[in-house]
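The exercises below ask you to read a structure step by step, each with a worked solution. Try each task on your own before reading on.

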Amino acid sequence: MIYLDNASSAPVNPKALAAAMPFLTENFANPSSVHTPGRAASAALDKAREQCAAALGTLPEEIFFTSGGTESDNMAVFSALGINGRRKIITSAIEHPAVLNACAELSRRGFDVVRIMPDGDGIVRSEYVAAAIDDKTAMVSVMTANNEIGTLQPIAEIGALCRERGVYFHTDAVQAVGSIPLDMRKLPVDMLSVSAHKIGGIKGAGLLYVRKGSPVLPLIVGGGQERGIRSGTENVAAIAALGAAIADITADITRRAEKITRLRNLLIERLEMIPNSRLNGSRTLRICSNVNFSFGNIDGEALVMSLDLMGVCVSTASACSAGKQRRSHVLTALGLSENWLDGTVRLTLSENNTEKDILAAADIIAECTARQRSG
């Protein structure tokens, strides 16, 4: 099997699995309990929090554990409700549904929601955001790297103008962690979302970084875990795995990114040899692992199924929307015609892939597209 769907869910990192196992077998205690096993579970949360903080260049008290990226995004967006007197939120038209649907809910509650359109490469220009900010703006939410086309957004520029205007800035960094350095000591970001299973952790854990002083509101209330911000007994095993995974994936980003970038560029080069094909998103301003291609006169869903039968795993868009038989809102925002929209696949790499994998996958894709077009 050639696995090229790492943006949907990456293989579990062996270090993450090793960190999780004691809390699935030997120590299943509640971390709020005061007995010895409970204190050991609580210590695991402390260690994971320190690992996450170190990986993001921040303080442990600014890390709040959640169930994943969707909850983190929701928590950040709904925190706009706590910014009194401001009833406007700015986002982009190509955000993850966890942000777009949360913004839609704010709209139903009387917020003015502005969705910035990207340029043809999928870049949300900072000047577009600047033009939309006014004295009613509570928050801006623009993702670091797009989950479908991999484009990197100018979050440093957007964050700087938000800070200058006194507006809070959230970024969904789910696809960016481990691909680019993210240092909260340098980036003007107030809230940042991370998901464990995108970086080698276990499904069911994530985090929201909240810069001290930012107005975060709890989505879930109850026993007051996570310093009252996220109630509910913590998923200790998954959180321990998250800590180990983020520590490992951020330990040597330059080496890892260079290796994956070489494979990504090779894949792009080979796929561009297929007639009537196009790369979606910026050629240069994209994360190392993402390749999003459209093939004219091709049914993308059928292509994914054909590739699966031949041992190549890819997706049509993000896994969150795959299988719903609807066209990508991201590619629609880029202005692609129906012919391109219907024939799109997303291929996302990891350092587990090899040059042999890439060459074989490209050949199989060429074969499947040719067969579909001739049929």
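Two strands count as paired if DSSP finds at least two bridges between them. Keep this cut-off in mind, and remember that the model is a predicted one.

**Exercise 1.** Determine which strands are joined to strand E7 by bridges, and in which direction each pair runs.

*Solution.* Begin with strand E6, residues 168-172, which is joined to E7 by three bridges, the two strands running parallel. Within this pair, Asp172 stands opposite Ser193 of E7. Then turn to strand E8, residues 206-210, where five bridges make the connection to E7 and the strands run antiparallel. Here Ser195 has Gly206 of E8 as its bridge partner. Because two bridges are enough for a pairing, E7 is paired with E6 through three bridges and with E8 through five.

**Exercise 2.** Decide whether strand E7 is enclosed or open to the outside, and work out how its side chains are arranged.

*Solution.* First apply the cut-off, by which a residue is buried when its relative accessible area is under 20%. Five of the five residues of E7, residues 191-195, are buried, so the strand is largely enclosed by the rest of the structure. Next look at the directions: Met191, Ser193 and Ser195 point one way, while Leu192 and Val194 point the other way, and all of them are buried.

**Exercise 3.** Describe the open sheet that contains E10, and find the helix that lies across it.

*Solution.* The sheet has three strands in the order E9-E10-E12, paired antiparallel. Its edge strands are E9 (277-279) and E12 (344-348), each of which pairs on one side only. Neighbouring strands are turned against each other by 25° on average, with direction ignored. To follow one pairing in detail, take E9 and E10 (residues 290-295), which are joined by three bridges and run antiparallel; Arg278 stands opposite Ser294 in E10. Finally, helix H8 lies across E9, E10 and E12, and runs at about 10° to E10.

**Exercise 4.** Characterise the second largest pocket by its volume and its lining.

*Solution.* The volume of this pocket is about 390 Å³. It is lined by 25 residues, of which Ala10, Ile199, Ile249, Arg256 and Ser350 are the closest to its centre. Helix H7 (236-249) and helix H8 (253-271) are the elements that give two or more residues to the lining. Sorted by character, the lining residues of the second largest pocket comprise twelve nonpolar, nine polar and four charged ones.

**Exercise 5.** Examine the phi angles of Glu226 and Arg227, and then state how accessible each residue is.

*Solution.* As background, most residues other than glycine have a negative phi. Glu226, although not a glycine, has a positive phi of about 55°, and Arg227, also not a glycine, has a positive phi of about 55°. Glu226 is found in the loop between E8 and H7, and Arg227 lies in the loop between E8 and H7 as well. For accessibility, Glu226 counts as buried because its relative accessibility is 4%, whereas Arg227, at 43%, counts as partly exposed.

**Exercise 6.** Locate Met117 and list its contacts beyond its neighbours within four places in sequence.

*Solution.* Met117 is found in the loop between strand E4 (112-116) and helix H5 (126-132), and its 45% relative accessibility makes it partly exposed. Leaving aside neighbours within four places in sequence, Met117 is in contact with Ala93, Tyr128 and Ala333. The C-alpha atoms of Met117 and Leu334 are separated by 8.2 Å, with the two residues 217 residues apart along the chain.

Note on methods:
Residues numbered from 1 in each chain as written. Predicted model: local features only at pLDDT ≥ 70, side-chain atom pairs only at ≥ 80, totals over all residues. Heavy atoms only, no water. Buried < 20%, exposed > 50% of the residue type's maximum accessible area, 1.4 Å probe, protein only. 1 Å grid on protein atoms, 1.4 Å probe; cavity = no way out; pocket = protein on both sides within 12 Å on 5 of 7 lines; lining within 4 Å. Points joined across faces, edges and corners; volume = space filled by probe spheres on them. Nonpolar A, V, L, I, M, F, W, Y, C, P; charged D, E, K, R; others polar. Axes fitted to C-alpha atoms, helices over the stretch in contact; angles between N-to-C directions. Contact = heavy atoms within 4.5 Å.
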